[in-house]
Amino acid sequence: MTVPIPLIAGNWKMNGLAASLDEARAVAVGLGTFRGGRVAICPPATLIERLSRALAGGPVLVGGQDCRAEASGAFTGDISAEMLVDAGASLVILGHSERRAGYAETDAAVAAKVGAALRAGLEPIVCVGETLDQRQAGEALAVVTEQVRGSLPAELATDAFAVAYEPVWAIGTGLTPTIAEIEEMHVAIRATLREMFGARSDTVPILYGGSVKPSNAAEILRATEVGGALVGGASLKAADFLGIIEGL
Ligand code: PGA
């Protein structure tokens, strides 16, 4: 049976100045000879190149937090997948709920970005997740599986991507779903990937994200079909991020 290699990715969001490079270095040092999975940090775009240089040859991968679907052009303020690669990134978070909500990103827009990222050689981490209203209305499973279907290009010919299940109501709130709710969703996402891409998608890690911290990481990471974590706030401090990685 093929199983995904776990991935723990830190999403620094719009946090981090040059001094934060020390936190990332401390993560690399703290990992030492850790072989339990892959670890990535996704800093703001301004730090990608410096972080890539600082972490070169070590165990921590560097990723972006978004990219544009086009490779270049008159898109003031935007960054393409090629630019992220050029700066040293090997992954990119796409379709984060903060982008979906704040920039009206649709599933189709996310799918176009996924295609662009893969063409540029980046591994996309594709985020999906329901709002509190949708969960309370009993729509969580339908909403999330529909997002998975719409946010991944149907012609995807690779398993070099990850999906992150991030309930919107759990992000930055300290709230988390029960383990049973996480497992139910991850099993449904796995089944959707199987339907779309067949058995080769069995190696795609399905990450959980939303208020992951050292105290709840081990239990979440042990849950069925949880292949890692996407960590926001707790990835900003090396000690907390390392504490989460220890849960693998
Ligand atoms: P959080 O954020 O860990 O701070 O809840 C997770 C995310 O938005 O990726």
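This note sets out points on the fold, the helices and selected residues of a predicted model.

1. Overall composition. The chain is built from 10 helices and 8 strands. Along the principal axes, its C-alpha atoms fill a box of roughly 45 × 45 × 35 Å. The radius of gyration is 17 Å, which agrees with the value near 18 Å that a compact globule of 248 residues would have.

2. Burial and contacts. Of the 248 residues in the chain, 50% are buried. Contacts that link distant parts of the sequence are well represented: among those between residues at least 6 apart, 73% join residues at least 24 apart.

3. Surface and charge. The exposed area of the chain is about 10,900 Å², and carbon and sulfur atoms supply 55% of it. The charged side chains comprise 19 positive and 28 negative ones. The centres of these two sets lie 5 Å apart.

4. Helix H2. This helix spans residues 45–55, and its buried residues are Leu47, Ile48, Leu51, Ser52 and Leu55. They cover an arc of only 140 degrees around the axis, and therefore lie on the same side of H2. Thr46 and Arg53 are exposed, on the face of H2 turned away from that buried side. The packing partners of the buried residues are H1, S2, strand S3 (60–64) and helix H3 (81–87). Just after H2 comes Gly57, with a positive phi of about 80 degrees.

5. Helix H5 and Val114. Which residues does Val114 contact, leaving aside its neighbours within four places in sequence? They are Leu94, Pro124, Val126, Ser151, Pro153 and Leu156. Val114 belongs to helix H5, and with a relative accessibility of 0% it counts as buried, the cut-off being under 20%. Val92 is 22 residues from Val114 in sequence, and the two C-alpha atoms are 9.0 Å apart in space.

6. Ala104, between H4 and H5. Ala104 is not a glycine, yet its phi is positive, at about 50 degrees. The residue sits in the loop that runs between helix H4 (97–102) and helix H5 (107–120). Is Ala104 buried or exposed? Its relative accessible area is 61%, so Ala104 is exposed, the threshold being over 50%.

7. Helix H9. Within residues 214–222, which form H9, the buried positions are Asn216, Ala217, Ile220 and Leu221. Because they cover an arc of only 130 degrees around the axis, they fall on the same side of H9. The face turned away from this side carries the exposed residues Ser215 and Arg222. Elements that cover the buried residues of H9 include strand S1 (7–11), helix H8 (179–197), strand S7 (206–209), strand S8 (228–231) and helix H10 (238–245).

8. Glu225, after H9. The loop between H9 and S8 holds Glu225. Its phi is near 65 degrees, a positive value in a residue other than glycine. What is the exposure of Glu225? With a relative accessible area of 28%, Glu225 is partly exposed, since this class lies between the 20% and 50% limits.

9. Gly233, between S8 and H10. Gly233 is found in the loop that links S8 to H10. Its relative accessible area of 59% makes Gly233 exposed. Gly233 and Met196 are separated by 37 residues in sequence, and their C-alpha atoms are 33 Å apart in space.

10. Helix H10. Why is H10 described as largely enclosed by the rest of the structure? The reason is that 6 of its 8 residues are buried. These buried residues are Ala238, Phe241, Leu242, Gly243, Ile244 and Ile245. They pack against S1, helix H1 (21–31), strand S2 (38–42), H9 and S8. The pairing of H9 and H10 thus appears from both sides, because H10 is among the elements that cover the buried residues of H9, and contact here means heavy atoms within 4.5 Å.

Terms used. Residues numbered from 1 in each chain as written. Predicted model: local features only at pLDDT ≥ 70, side-chain atom pairs only at ≥ 80, totals over all residues. Heavy atoms only, no water. Helix = DSSP H or I, 4+ residues; strand = E, 2+ residues; numbered from the N terminus. Rg over C-alpha atoms; globule rule 2.2 N^0.38 Å. Buried < 20%, exposed > 50% of the residue type's maximum accessible area, 1.4 Å probe, protein only. Areas by Shrake-Rupley, 256 points an atom, 1.4 Å probe, with all protein chains shown as cover. Lys, Arg positive; Asp, Glu negative; His and termini not counted. Charge placed at Lys NZ, Arg CZ, Asp CG, Glu CD. Arc of directions from axis to C-beta.
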